[in-house]
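Thanks for coming, everyone. I'd like to spend a couple of minutes on one spot and then work outwards from there. Here it is on the screen.

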Amino acid sequence: IAMCAVTVTGKYISYVTGYYWKIGNYVPCLWIDGKRTDLSVPPSIYAFASSVTMANGKVYVTGSYELMITKPKCIWVDGEREDIESVTWVKATPVPSISVENGKPCVAGFQYDGNYYISRLWMDGENIKLTMPRWANQATVRSVAVENDKVYAVGYYDNSYHYRACLWIDGEYTDLILPEGTTQLEASSVAVTNGNVYAVGY
């Protein structure tokens, strides 16, 4: 069993998402106060649920699964699955974060093209590529938050030598300040309140 994300509502109800192994395949699932509900996918060996949030009384879960050729990413809204993108001949990759504003989900994730990881946002289903420096090989987005229709995401990019933490605002990257004496840093989570951006990393 792997548990990937948790959120708690004001009623102290916990929502935990993850997946488990069952007779030859991984099954994505959601636990609500400890009670497990399996999430629907077509017959697949690899299927994962990786992030969960609550908005407007609905439960949003992100994930991905593998078919013979395609590797769709998806959202479950109150258990109903919607595929947001299907990639051919590329392995399934996690969808680590989701934020919902005005009923519109914004999903952070990345694709693997056979050589490098390419970070993406899916805003209400639209695919948005995140920028990075010309000298960077790849970027990984870890967390997303939306406030007043502005999209904030954090993660890191690398140039084969060092990881560099960064903040994306509406898809455009800004380097986060490194502590003195540090050569690399990853940002792992972001929150936004009244325009103030808070990020954590290591």
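Have a look at V144: it sits opposite A153, which belongs to β14. Keep in mind that this is a predicted model. The two strands here, β13 and β14 (residues 150-158), run antiparallel to each other and are joined over 9 bridges.

Now let's zoom out to the sheet. In what order do the strands come? This is an open sheet of 4 strands, β13-β14-β15-β16, and the pairing is antiparallel. β13 (138-147) and β16 (172-175) are the edge strands, and each has a single partner, so one side of each has no neighbour in the sheet. On average, neighbouring strands in this sheet are turned by 25° against each other, ignoring direction.

Back to V144, please. Which residues does V144 touch, leaving aside those up to four places away in sequence? The list includes S97, I98 and S99, then C106, A108 and L121, and also V151, A153 and V190.

Some of those names come back when we turn to the nonpolar cores. The largest one has 15 residues, and V144 is among those with the most contacts inside it, along with C106, L121, V141, V151, A153 and W168. Two or more residues each come from β10 (104-112), β11 (117-123), β13, β14 and β15 (163-169). β13 gives the largest share, with 4 residues. Apart from this core there is another one, of 12 residues, with Y15, L39, A47 and W76 among them.

That's my tour, and I'm happy to go back to any of the views.

Technical notes. Residues numbered from 1 in each chain as written. Predicted model: local features only at pLDDT ≥ 70, side-chain atom pairs only at ≥ 80, totals over all residues. Heavy atoms only, no water. Pairing = 2+ DSSP bridges. Axes fitted to C-alpha atoms, helices over the stretch in contact; angles between N-to-C directions. Core = buried A, V, L, I, M, F, W, Y, C linked by side-chain atoms within 4.5 Å. Buried < 20%, exposed > 50% of the residue type's maximum accessible area, 1.4 Å probe, protein only. Contact = heavy atoms within 4.5 Å.
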